[in-house]
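Student: I have a protein model open on my screen and I'm not sure how to read it. Could you take me through some features?

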Amino acid sequence: MNIELANFELSSEALIGSLLALCALFALCRSLLVEDVICIPGKTKHSWKSIRILEKVCYCNACEILLTPSEGVFCNCCGICTHSTNECTKKIDNNFRCKDKWLRHEKSLRHLWVRGNLPVGGICAVCEHEIDYHATAGLFGWRCAWCHRCYHNNCYKSIDSRAECDLGEFRDMIFPPYCIVAARTRESMRLHLAAIKPPNIEGWEPLIVIANTKSGSNTGSDVVALLRGYLHPLQVMELGGRGPQDAMQWAAKASPRPCRILVAGGDGTIGWVLNTIYALNIKPIPSVAIMPLGTGNDLSRVMGWGSKPPQTLDPISILRNIKSARSVNLDRFDLQIEKLFYRLPIQRHPIKTVHIYNYYSIGVDALVTYNFHKTRESRFYLLSSRIFNKLIYFGFGTQQIVQRDCEHIEQKLDLYLDGHLVQLPELQSIIFLNIDSWGAGCKLCELSNADENNKVENSISDGMMEVFGLVSSFHMAQLQCGISKPVRIGQAKQIRVRISTLDRFRA
C-alpha cells in the first residue's frame, strides 16, 4: 500500500507539471502565430539600408568620415548615416535615438534632431538661404527627422531645439506617434495596434503606403525606404503573404476619418488592394493613388500617374503629387462564373465572382497573359524587370501566330449585350473594357474612333463596358504599334457570355 500511494503522488505531480507546460506552450504559440493584429515595437531601433538609393554624398554620424556607397548605410526611419561596421552601428544604436513608433500619455511630439547629411538644395528655416553643406567637409547643419526643417549650424543655435514639432509640410498625411494606442490583450500578448486617436491637425487624412517589392523592376523596396523617412515608419509597409489586410487595419482604426492609400505596384497589386477595401467594407472608402511599378500599368496611365516610375525617386515630389490630386470614381464590375454542364449528376459548384476594374478578355491575349503568369510563378523565374517581362509577352504572342490555339472563337461562345444576342465575325479574342488602356497602354477606343463618324465614348464611371474583338495574334501586335483598328462589337451595362465547348483557350 505504501508503494502504491507513493506512485500515485508522483503521477499527480507529473500530470500537473505537464498541464502547466502545455498551457505555457499554448500561450506562446498563440502570441507568436496571431495574424489579426499589427505589432508595435516597444523599443525604437534603427533600420539600416544602403546609401546607394540616396544618390548624394554622406558622412558617418559616428566617426564623421566620408561614406562610400559600398560601406555606407542609413536608417530609413530617421535618416542617420553610418558605416556598416559593427563599431559604428553599435555607437549609433547606443547614442542616437530613432523615431518613436508610439508615445503613451502624450499629446505632442518633440523634434528629433539629426546632424548633417541634409537633402540637396535644402533651405534654412531661419535665414531662408540654401544650405550648401558640400562646401564644408564633414557633418554640417541640422535637420528634424519628423518635420524635415533644416538649419545652418549658427541658425540652429538661435532656435529652441526642445520645442514641439508640428510634423511639417506633410503633417496631414502622418500618423503621429501620440495618436497610436498600443496594448496587450488576451488575444495577443505582443504589443499591437489597438486604436487610433485622431490628432488635432486640420484636414488630417493620413496616407497608407503599400509597396509590392516583386512588381516590375523591384523598386518597391526603395519606395518603402525613402517614404518611411517622411512619414511614420509603420504606415509604410511592404505587401506580405497575407496581402493588404494588415494595411487596411490602419484605415479601419482611423475611421470615421478618411485615409489615403498609395499603392506602389502593378495592376494586379492595385486590384488586390481595391478588392480588400471592398471585402473588409472600409468606411469611408479611401482614395487610392498609384506609383506604377508593374509591366503594363494600364490603370495608372488612365488615372494620370504615368506608365512607369520616375527615374529618380523623390519622396517630396511623390507626397506633393498625392496632396494635390483629386478623387474620381471608378466602376467595379462583378464577373460571375458559373458552370452549366456536368458530366456526372453531382452537386453544382457555387458561382465564382471576380471583381473587374480594368478589363477582361477571352481568347488569344488572355492565353498569352495566362502563360506569362505561369512563367512568373515558376521557381526558375529569377530576373524581374519591365523589359524582361515584355520580352516574355512577345515570345508567347509570337508563338500564337503559328500555333493558333484560339482560332474561330466566335463558334465556341454566344455573346449577349444587354440581353441581345450579337452575331460575331471571325475572331480569336473578345475584349471587355472598363478603361481605355489595354495591353500596356493601347487605346482601343481611340483607335476605333479614327475615321469613324459614330464615336465610342469611354468613361471609367458610366457603368458601361466597351466590347472589341481581335482577329489574330498578329492583329494584337498591329494594335500595339497603332497601325490597325480593333473590331468594334458594342457597348453594354450587362454582358453575358455562354461558352458552348471547352476547347483549349483561356478566359
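Tutor: Let's go through this model feature by feature, starting with the ground rules.

Tutor: This is a predicted model, so local features need pLDDT of at least 70 and side-chain atom pairs count only at pLDDT 80 or more, while totals for chains, interfaces and linings use all residues. Residues are numbered from 1 along each chain as its sequence is written, and side-chain values use heavy atoms, with hydrogens and water left out.

Student: Okay. How many helices and strands are there in the protein?

Tutor: Helices (H or I, at least four residues) and strands (E, at least two) are DSSP runs, numbered from the N terminus. Here you'll find 12 helices and 21 strands.

Student: And what share of the residues is buried?

Tutor: A residue is called buried under 20% relative accessible area, exposed over 50%, and partly exposed in between (1.4 Å probe, protein chains only). In this protein, 44% of the 507 residues are buried. As for the outside, accessible areas come from the Shrake-Rupley method with a 1.4 Å probe, and for residues only the protein chains shown count as cover. The accessible surface comes to about 27,900 Å², and carbon and sulfur atoms hold 53% of that.

Student: How do I read a sheet?

Tutor: Strands of a sheet pair through backbone hydrogen bonds, either parallel or antiparallel. For the count, two strands pair if DSSP finds at least two bridges between them. One open sheet here has four strands in the order S15-S18-S19-S20, with antiparallel pairing.

Student: Why is one side of strand S15 and of strand S20 left without a neighbour in the sheet?

Tutor: Strand S15 (359–363) and strand S20 (487–492) stand at the edges with a single partner strand each, so one side of each has no neighbour in the sheet. For a pair, take S18 (residues 429–433) and S19 (residues 465–470), which are joined in the antiparallel sense over five bridges. Phe 432, for instance, has Val 467 in S19 as its bridge partner.

Student: Next, salt bridges. How many are there?

Tutor: A salt bridge is a side-chain nitrogen of Lys or Arg within 4 Å of a carboxyl oxygen of Asp or Glu. That rule gives seven salt bridges. One of them joins the side chains of Arg 115 and Glu 64, at 3.2 Å from N to O. This pair links distant parts of the chain: Arg 115 sits in strand S4 (residues 113–115), and Glu 64 in the loop between S1 and S2, 51 residues apart. Arg 115 is partly exposed at 30% relative accessible area, and Glu 64 is partly exposed at 39%.

Student: What about Asp 100: buried or exposed?

Tutor: Asp 100 counts as buried, at 14% relative accessibility. Its salt-bridge partner is Arg 97, with the closest N and O atoms 2.4 Å apart. Arg 97 counts as exposed, at 53%. There is also a network of salt bridges that links Arg 149, Asp 166 and Arg 171.

Student: Let's go back to the loop between S1 and S2. Which residues make a nonpolar surface patch?

Tutor: Patches are made of residues with over 30% relative accessible area and no salt bridge; like charges are joined within 9 Å, and nonpolar side chains (Val, Leu, Ile, Met, Phe, Trp, Tyr) within 5 Å. Val 57, Ile 65 and Leu 66 make a nonpolar patch of about 250 Å². Leu 66 lies in that S1 to S2 loop and is partly exposed, at 44%.

Student: Which residues is Pro 69 in contact with?

Tutor: Contact means heavy atoms within 4.5 Å. Setting aside neighbours within four places in sequence, Pro 69 is in contact with Ser 50, Ile 51 and Arg 52. Pro 69 is in the loop between strand S1 (48–50) and strand S2 (72–75).

Student: Any odd backbone spots to look up?

Tutor: Try Glu 55, which has a positive phi of about 55° although it is not a glycine. Glu 55 is in the S1 to S2 loop too and counts as exposed, at 58%. Asn 297 also has a positive phi of about 55° without being a glycine, but Asn 297 is buried, at 1%. Then look at the cis peptide bond that joins Ser 255 and Pro 256, with omega about 15°. Another cis peptide bond joins Lys 283 and Pro 284, with omega about -10°.
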